[in-house]
Amino acid sequence: MDKRAVFETIDADRERFEEVAKAIWETPELGLHEERSSKALIDLLEAEGFEIETDIGGMSTAFVAEYGSGGPVIGILGEYDALPGLSQSASTEPDPIEPGAPGHGCGHNLYGTACAWAAIAVARAIDDGLPGTIRFYGCPAEETLVGKVFMARAGAFDDCDTAITWHPSDRNRPQLGSSLALDSLSFSYTGTAAHAGGSPESGRSALDGVELLNAGVERMREHVPEKTRVHYAITDGGGAPNVVPAEASVWYFVRAPDRDEVDRITKWVTDIADAAAQMTHTSVERRYITGCYDFLPNETVTDALWENMQEVGGVEFTEEQETFAREIQETVDPDRIEATLEKLPDETRERVEGRAVYGEPIKAYDEGEVSGGSTDVGDVSHIVPTAQLRAATWPVGTPGHSWQAVAANHEFGVEGALYAAKVQAGTAIDLLSDPDLVDRAQAEFVESRDGEYVTPLPEDVEPPFDVTAP
């Protein structure tokens, strides 16, 4: 199979690619509410002859698009949800289009579009005689760590042979590092309202329950493993100082490098929550919102991604795009840029330092590392051999989830997204063409994972349509 011809078909479709990516950027939607964004990708794939299944896992914006027949089945994971409060024009200074509205600060307008184009390119190769099936997974609500977890519970990935994906970033590199498994849950306390000045003895403060829970968790921190992360936000703390609050609630994230440790710490947090209710003579209700696994990188498929990154080459930016990137980078904290450079191997740092954007592929350097973040790609990686790459869609050192990233994802992020589309298409073609490559990926997967995947979701938990990304 001539992959060069496949890469050229993606380039030839650039105008349509950019139109879809920017249309999703211009209509940002929060997780589980991506009606227009998912429809744009469904319409695109349906027009290319893909068979579409919607409403996966009880989510109207989750779908699977399939092309071809027989094995192997190669999955490409796409996302398209935005972040709250990140509305931003394509400007080099803060300039919300609509203050408080969502924005694509994580580049998912590019993410889903690039994955769709990769799947389309592979479908055309299947028309030319390539065996097997390409499957695009339309995954909503990654920012709330929901979409793939509920799709996994529904069995969407069970008959997939390997999965690949990418994520917008400030560098082009394959990912061999892991992430933190997570539980997202809330605790709602109910007490008795009273006049805080006139008759406080007749009240029972729900806020006291929340504060005692938080205080207990702070004492727990000394006794959990170093890489554990526990964050919380009081989402309801009462309305006025002179009223004993009858209701109060707090939202928790519990993270750790593996799923078992998250389960253990979540149980500990729940015990503290129950004890806080006893101490305050209030009642507490726990709501499990979602949970996810750590990311388990598959080196065999990651090596194939790296080979294709080299084959595609780098990303070339125009002088105008580099000027825009430089102006964006000047608004980023220099310490943040320096911290980014410090993570790079010395030789790579010498090449990247001083550049506003860097488009050359960088070999994976994070093997064995565990990031402080979480992703629901982790659940997929415990079901099927999975690999992912990062591609440069914003300036070096720019933090994700920022107004700078939103602006860059509109102005020149398409270049990195096209690169990611080609790399994924080339890797999928390698997997479809070489059964031995798939066999080796699956053998590594069986050896590296710790038992069968078990959903972290309790049976009665439904997709949390009322929860937006923190």
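Buried means under 20% relative accessible area, exposed means over 50%, and partly exposed lies in between (1.4 Å probe, protein chains only). The model is predicted: local features need pLDDT of at least 70, side-chain atom pairs count only at pLDDT 80 or more, and totals for chains, interfaces and linings use all residues. Residues are numbered from 1 along each chain as its sequence is written, and side-chain values use heavy atoms, with hydrogens and water left out.

**Exercise 1. Place E322 and classify its accessibility.**

Step 1. E322 sits in helix 9 (residues 319–329). Helices (H or I, at least four residues) and strands (E, at least two) are DSSP runs, numbered from the N terminus.
Step 2. The relative accessible area of E322 is 34%, so E322 is partly exposed.
Step 3. Now take the C-alpha atoms of E322 and G359. They are separated by 11 Å, and the two residues are 37 apart along the chain.

**Exercise 2. Describe the surroundings of strand 3.**

Step 1. Strand 3 covers residues 73–79. Seven of its seven residues are buried, so the strand is largely enclosed by the rest of the structure.
Step 2. Split the residues by direction. V73, G75, L77 and E79 point one way; I74, I76 and G78 point the other way.
Step 3. Find the partner. Seven bridges join strand 3 to strand 4 (residues 132–139), and the two run parallel. Two strands pair if DSSP finds at least two bridges between them. V73 stands opposite T133 in strand 4.
Step 4. Check the loop between strand 2 (63–69) and strand 3, where P72 lies. The peptide bond joining G71 and P72 is cis, with omega about -5 degrees.

**Exercise 3. Compare the backbone and accessibility of A141 and H281.**

Step 1. A141 is not a glycine, yet its phi is positive, about 55 degrees. A141 belongs to the loop between strand 4 and helix 5 (147–153).
Step 2. H281 also has a positive phi, near 55 degrees. Its loop runs between helix 7 (259–280) and strand 12 (283–292).
Step 3. A141 is buried because its relative accessibility is 0%. H281 is exposed because its value is 61%.

**Exercise 4. Trace the salt bridges of R135 and R124.**

Step 1. Apply the rule: a side-chain nitrogen of Lys or Arg within 4 Å of a carboxyl oxygen of Asp or Glu. The count is 29 salt bridges.
Step 2. E66 and R135 form one, with the closest N and O atoms 2.8 Å apart. E66 is in strand 2 and R135 in strand 4, so the pair ties together parts 69 residues apart in sequence.
Step 3. R135 is buried, at 7% relative accessibility. E66 is partly exposed, at 26%.
Step 4. D159 also meets R135 in a salt bridge (2.8 Å, N to O). D159 lies in the loop between helix 5 and strand 5 (162–169), so this pair ties together parts 24 residues apart in sequence. D159 is partly exposed, at 47%.
Step 5. Turn to R124 and D13, whose side chains meet at 3.6 Å, N to O. R124 lies in helix 4 (residues 108–127) and D13 in the loop between helix 1 (3–12) and helix 2 (14–26), so the pair ties together parts 111 residues apart in sequence.
Step 6. R124 is partly exposed, at 28%. D13 is buried, at 15%.
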